[in-house]
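Some labels given to a protein model rest on cut-offs. The questions after the structure ask what justifies each label.

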Amino acid sequence: HFYARLPSARSASLLSADKSGFKVLVDGTQEVAIPYPESCRAEKAKDLRKVAVYMHKEAFNGLGFSYKYSHGFFGDVAKIFWGVAKKKVGVNGFVLLGLVGLGSTIMTTITVKKLVMKYK
C-alpha cells in the first residue's frame, strides 16, 4: 500500500533485501522494489530488522487512524505493551501498578465530584 503506492494491494511477500531496499511480490503477481527511506538505511544485515520496523511504523502512520484501527494495529500494540510490562515488572508488580492506577483514578474522581459540588 504505502511504499509501493498500490492502494488495491492485498498482500506482499518478501523476495529479497539488499543495500538499496526490499524486493516484494505483491498479490502473488507483481515484483516491486521498495527503497529504504532516507532517514533509515540498512548498511549491514543486522540493520534489516530495525529498518523493517521503522518502515512498518511509518506506513501505518501514513495510512491513518482508520486504517490502523481496521487492521488491528492498536490491539497489536496493547499485546506488545502487556508482554513488555510483564517482563519489566513481573505479574505481581504489574498487578500492583494496576491497583495504583485504579486508586489514583478513584481519588481523581472523588476530587472532581467535590469540586463540582462546591460550585453548584
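What follows takes the labels one at a time.

Q: How do you know how the model was obtained, and what does its overall make-up look like?
A: The model is predicted. The protein has three helices and three strands, and along the sequence these follow the pattern β-β-β-α-α-α. Of its 120 residues, 17% count as buried. The accessible surface comes to about 9400 Å², with 64% of this belonging to carbon and sulfur atoms.

Q: What makes β1 and β2 count as paired strands?
A: Pairing needs at least two bridges between the strands. Five bridges join β1 to β2 (residues 21–26), so the two are paired, and they run antiparallel. Within this pair, S13 stands opposite L25 and S16 stands opposite K23. A hairpin of three residues joins β1 to β2.

Q: What makes β2 and β3 count as paired?
A: The requirement of at least two bridges applies here too. β2 and β3 have six bridges and therefore pair, in the antiparallel sense. K23 stands opposite A33 in β3. These strands also form a hairpin, with three residues between them, and D27 in the turn has a positive phi of about 50°.

Q: Why is the sheet called open, and which strands are at its edges?
A: The three strands are in the order β1-β2-β3 with antiparallel pairing. β1 (12–17) and β3 (30–35) each have a single partner strand, so one side of each is left without a neighbour in the sheet. From one strand to the next, the twist averages 30°.

Q: Which helix packs on the sheet, and which strands does the helix touch?
A: Helix α1 (residues 48–63) packs on the sheet and touches β1, β2 and β3. The direction of α1 makes about 60° with that of β2.

Q: Why is K68 called buried?
A: Buried means under 20% relative accessible area. K68 has 13% relative accessibility, so the label applies. K68 is in helix α2 (residues 65–70). Leaving aside neighbours within four places in sequence, K68 is in contact with F60, N61, F73 and F74.

Q: What makes E31 and K23 a salt bridge?
A: The rule asks for a side-chain nitrogen of Lys or Arg within 4 Å of a carboxyl oxygen of Asp or Glu. For E31 and K23 the closest N and O atoms are 4.0 Å apart, and the pair is counted as a salt bridge. E31 is exposed because its relative accessible area of 53% is over 50%. K23, at 35%, is partly exposed.

Q: How do you know that E38 and R41 form a salt bridge?
A: Their closest N and O atoms are 3.9 Å apart, which is within 4 Å, so the pair meets the rule. E38 has a relative accessible area of 69% and is exposed, whereas R41 is partly exposed at 32%. By this rule the count comes to two salt bridges.

Q: Why can L102 belong to a surface patch, although L102 is called partly exposed?
A: Patch residues need over 30% relative accessible area. L102 has 49%, so this cut-off is passed, while the value falls between 20% and 50% and the residue is therefore partly exposed. L102 is in helix α3 (residues 73–118). With I106, M107 and I110, L102 makes a nonpolar surface patch of about 370 Å².

Note on methods. Residues numbered from 1 in each chain as written. Predicted model: local features only at pLDDT ≥ 70, side-chain atom pairs only at ≥ 80, totals over all residues. Heavy atoms only, no water. Patch = residues over 30% accessible without salt bridge, like charges linked within 9 Å, V, L, I, M, F, W, Y side chains within 5 Å. Areas by Shrake-Rupley, 256 points an atom, 1.4 Å probe, with all protein chains shown as cover. Helix = DSSP H or I, 4+ residues; strand = E, 2+ residues; numbered from the N terminus. Buried < 20%, exposed > 50% of the residue type's maximum accessible area, 1.4 Å probe, protein only. Axes fitted to C-alpha atoms, helices over the stretch in contact; angles between N-to-C directions. Contact = heavy atoms within 4.5 Å.
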